[in-house]
Amino acid sequence: DDRILGLLETGAPMIINSRAAKADMGIFYNANPDQIFDLPFAPIVEFQNQIPKPERLIPYSLTRPYFIVCNQFWIHKSIETVIDAAAIAKEHGLDVDIVFTGKMEEPRKPDYIAGLHARIKERNVGDRIKLLGYVPKADQLELMRCAISVIQPTLFEGGPGGGSIYDAVAMGIRGIVSDIQINHE
């Protein structure tokens with residue numbers, strides 16, 4: 001907050017990556033809308049990562065079709081929603097996994113990750129949820145390429161779909177995103 005407020009106090013123009021984020025700057029920081037310019041970022045996936053490399057999947061031992069969530073494990077990312085969806089899919093006999101990548105920590109709520117593990121156990125989806133943790137970017141992109149779809153269940157984002165959906169769009173991969181205003185961009 002201090003860094004953003006300091007930048008705003010300079011009066012210098014600021015570029016932000018969505019109309020919704022520009023509106024949030026006004027709501028959360030009382031920013032002058034004439035100082036903020038919304039310019040969507042373009043997804044960039046380097047050419048060498050556009051070429052399929054299925055050997056990158058071997059270390060992850062994925063045996064069923066899967067959906068993938070590539071997120072930080074922060075509270076607003078709504079990981080619980082996907083765990084609950086895995087339980088519903090299992091109850092309906094759908095033979096799919098849900099793979100998660102991302103650093104498993106939430107500094108603002110230290111017990112959050114333990115709560116997610118408890119929810120996985122409580123919903124009886126430990127056999128369907130694959131928590132891979134942080135993986136190299138090239139591996140993440142290959143995991144995304146081979147997934148049924150990328151899921152972005154977030155409750156709040158600074159940019160449309162977040163980084164994983166930008167990557168998915170760049171590679172022509174389906175995405176399932178939460179119905180929040182910024183994702184309509």
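Helices, taken as DSSP runs of H or I with at least four residues, and strands, taken as DSSP runs of E with at least two, are numbered from the N terminus. On this basis, the protein chain of the predicted model contains six helices and seven strands. Read from the N terminus, these elements follow the order α-β-α-β-β-α-β-α-β-α-β-α-β.

The C-alpha trace of the protein chain extends over about 55 × 40 × 25 Å along its principal axes. Of the 185 residues in the chain, 44% are buried. Among contacts with a separation of 6 or more, 76% are accounted for by residues 24 or more positions apart. The accessible surface amounts to about 10,600 Å², and carbon and sulfur atoms contribute 58% of this area. With respect to charge, the protein chain carries 19 positive and 24 negative charges, and the mean positions of the two sets are 6 Å apart.

A nonpolar patch of about 460 Å² is present on the surface, formed by Ile27, Phe28, Leu155 and Phe156. One of these residues, Phe28, belongs to helix α2, which comprises residues 19-29. Phe28 is classed as exposed because its relative accessibility is 54%, the cut-off for this class being over 50%.

Two residues other than glycine were examined for their backbone geometry. Asparagine 30 has a positive phi, near 55°, and is placed in the loop that connects α2 with β2 (36-38). Its relative accessibility of 70% is the reason why asparagine 30 counts as exposed. Serine 61, likewise not a glycine, has a positive phi of about 45°. Serine 61 lies in the loop between β2 and β3 (66-70), and its relative accessibility is 57%, so serine 61 also counts as exposed.

Arginine 128 is a charged residue situated in the loop between α4 (112-122) and β5 (129-131). The relative accessibility of arginine 128 is 11%, and this residue therefore counts as buried, given that the class requires a value under 20%. When neighbours within four places in sequence are left aside, arginine 128 is in contact with Arg64, Lys90, Leu94, Asp95, Val96, Asp97 and Ile98. This set includes the positive residues Arg64 and Lys90 as well as the negative residues Asp95 and Asp97. Arginine 128 is thus a loop residue that is buried, whereas the loop residues asparagine 30 and serine 61 are exposed.

Methods: Residues are numbered from 1 along each chain as its sequence is written. This is a predicted model: local features need pLDDT of at least 70, side-chain atom pairs count only at pLDDT 80 or more; totals for chains, interfaces and linings use all residues. Side-chain values use heavy atoms; hydrogens and water are left out. Buried means under 20% relative accessible area, exposed over 50%, partly exposed in between (1.4 Å probe, protein chains only). Contact means heavy atoms within 4.5 Å. Accessible areas come from the Shrake-Rupley method with a 1.4 Å probe; for residues, only the protein chains shown count as cover. The place of a charge is taken as NZ of Lys, CZ of Arg, CG of Asp or CD of Glu. Patches are made of residues with over 30% relative accessible area and no salt bridge: like charges are joined within 9 Å, nonpolar side chains (Val, Leu, Ile, Met, Phe, Trp, Tyr) within 5 Å. A salt bridge is a side-chain nitrogen of Lys or Arg within 4 Å of a carboxyl oxygen of Asp or Glu.
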